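Colleague: Please pick one spot in this chain and look at it closely. Then work outward from there, so that I can place it in the whole.

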Amino acid sequence: MGANLRSYLKTSGLFVFGFWVLWHLSLFFEIGPNVSAFYIPPALSLALTCVYGWRYIPIIYLAAFVSSAPDLLGGEFTPFSTIHSGVHALAYGVAGAFLHSRKIQVLNIDQQQNAAWLIGAGITSSFISALGAGLIFSYYDLIPQQFIKSLVAGFWMGDLAGILLVLPLFAVLYTPNLRARLITCIGSCIQSFKPFFVLLGLPAITVLAIYLIVMGYGGHYITVVFTFLPIAIAGTMYGIIGSVVVVFICSVSLAILFSLTTFADLPLESIQAF
């Protein structure tokens with residue numbers, strides 16, 4: 001077995017396992033039937049072909065198919081799961097492979113142009129994936145037709161939220177100079193109160209305030225603009241590392257809080273907007 005094949009199989013195995021873990025992790029943030037506050041696997045799929053190219057598109061399909069295996073036990077969802085996995089693989093795999101072929105290093109988000117390409121690819125691929133999912137749900141008549149538009153919107157926002165949440169952090173861990181800066185920031189938080197408050201304390205206070213306001217007054221999701229304050233402060237003081245860390249903390253914290261709450265008066269799209 002050649003070195004290239006061993007590398008391909010190793011990367012593929014790690015990806016399938018990571019995809020499976022993230023797929024099930026996303027279920028903890030479910031805010032409605034078939035809808036998650038943020039769906040993390042698309043970020044991993046996009047990153048894989050961004051780095052390694054089109055050769056890994058079949059592996060994305062395999063990972064999506066294996067992760068949805070529980071749906072196959074009854075037999076009736078086999079065509080649906082097969083096609084749905086293909087839509088995921090094509091939408092995110094092709095988007096990442098295109099960026100790879102154009103030598104656009106979107107994971108090096110220290111450069112503004114790369115960050116713009118990352119956001120653009122995330123918006124486009126997540127919309128295509130959500131639209132494809134809506135067509136599949138409609139064709140197999142899995143939900144009432146009047147809910148298809150809401151399903152597409154929920155899938156789009158959930159996938160995009162997962163991409164914008166996880167992919168920048170993955171990019172930081174993947175890029176050596178950004179990874180070193182992240183380690184420095186973590187060390188500063190341990191040694192000094194100021195970075196600890198800016199990167200951890202202020203986001204926690206903001207998230208708690210948003211949650212109390214929304215649950216106390218019902219549906220005022222516009223309060224999410226408050227998160228711009230800790231993000232702006234962290235970005236000003238610690239650059240892109242500070243922004244990525246604070247966005248991740250705020251998003252995950254809000255998702256956990258709202259996932260533990262009953263949403264009788266809050267639209268799903270509003271919850272995902274957080």
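**A close look at one residue**

Modeller: Thr175 counts as buried because its relative accessibility is 9%, and the cut-off for buried is under 20%. Keep in mind that this is a predicted model.

Thr175 sits in the loop between α6, residues 148-174, and α7, residues 176-191. What does Thr175 touch, once residues up to four places away in sequence are set aside? It touches Leu107 and Asn108. Asn108 is 67 residues away along the chain. Yet the C-alpha atoms of Thr175 and Asn108 are separated by 6.3 Å.

Go three residues back from there, to Val172. Leaving aside neighbours within four places in sequence, Val172 is in contact with Ile109, Leu178, Arg179, Leu182, Ile241 and Val244. Val172 also belongs to the largest nonpolar core, which has 58 residues. Val172 is one of those with the most contacts inside this core. The others named with it are Phe15, Phe19, Phe38, Ile109, Leu167 and Ile241. Helix α9, residues 228-259, gives the largest share of this core, ten residues. Another core lies apart from it, with eleven residues. Ile136, Ile148, Leu151 and Phe155 are among them.

Now follow helix α6. Gly154 lies in this helix. Gly154 counts as buried because its relative accessibility is 4%, against the cut-off of under 20%. Gly154 and Phe38 are 116 residues apart along the chain. Their C-alpha atoms are separated by 9.4 Å.

Next, helix α9. Tyr238 lies there. Is Tyr238 buried or partly exposed? Tyr238 is partly exposed, since its relative accessible area is 22%, which falls between the cut-offs of 20% and 50%. Not counting residues up to four places away in sequence, Tyr238 touches Cys185, Lys194, Pro195, Val198 and Leu199. Take Val198 from that list. Tyr238 and Val198 are 40 residues apart in sequence. In space they are 9.4 Å apart, C-alpha to C-alpha.

On to helix α4, residues 78-101, where His88 is found. His88 counts as buried because its relative accessibility is 6%. Its contacts, leaving aside neighbours within four places in sequence, are Phe19, Tyr39, Pro41, Pro42, Ser45, Ile60, Ala64, Gly93 and Ser129. Pro41, Pro42 and Ser45 lead straight to helix α2, as they are listed among its buried residues.

Helix α2 covers residues 41-52, twelve residues. How many of the twelve are buried? Eleven are, and α2 is mostly covered. Besides those three, the buried residues are Ala43, Leu44, Leu46, Ala47, Leu48, Thr49, Cys50 and Val51. From first C-alpha to last, α2 reaches 17 Å. That is close to the 16 Å expected at 1.5 Å a residue. Gly53 follows α2, and its phi is positive, near 90°.

Helix α5 can be checked in the same way. It runs over residues 112-139 and has 28 residues. It reaches 41 Å from its first C-alpha to its last, close to the expected 40 Å. Asp141 follows α5, again with a positive phi, near 55°.

Now the surface. Phe17, Trp20, Val21, Leu62 and Val66 form a nonpolar patch there. Together they have about 440 Å² of accessible area. Helices α1 (3-26) and α3 (57-67) each supply at least two residues of this patch. The largest share, three residues, comes from α1. Leu62 has its place in α3. Leu62 is partly exposed because its relative accessible area is 40%, between 20% and 50%.

Finally, the whole chain. It has ten helices and two strands. From the N terminus on, the order is α-β-β-α-α-α-α-α-α-α-α-α. The chain has 274 residues, and buried ones make up 47% of them. It exposes about 14100 Å², of which carbon and sulfur atoms supply 70%. Take the contacts between residues at least 6 apart in sequence: 71% join residues at least 24 apart. The contacts of Thr175 with Leu107 and Asn108, where we began, bring together parts of the chain that lie well separated in sequence: Asn108 is 67 residues away.

How values were computed:
Residues numbered from 1 in each chain as written. Predicted model: local features only at pLDDT ≥ 70, side-chain atom pairs only at ≥ 80, totals over all residues. Heavy atoms only, no water. Core = buried A, V, L, I, M, F, W, Y, C linked by side-chain atoms within 4.5 Å. Buried < 20%, exposed > 50% of the residue type's maximum accessible area, 1.4 Å probe, protein only. Helix = DSSP H or I, 4+ residues; strand = E, 2+ residues; numbered from the N terminus. Contact = heavy atoms within 4.5 Å. Expected span 1.5 Å × (residues − 1). Patch = residues over 30% accessible without salt bridge, like charges linked within 9 Å, V, L, I, M, F, W, Y side chains within 5 Å. Areas by Shrake-Rupley, 256 points an atom, 1.4 Å probe, with all protein chains shown as cover. Salt bridge = Lys/Arg side-chain N within 4 Å of Asp/Glu carboxyl O.
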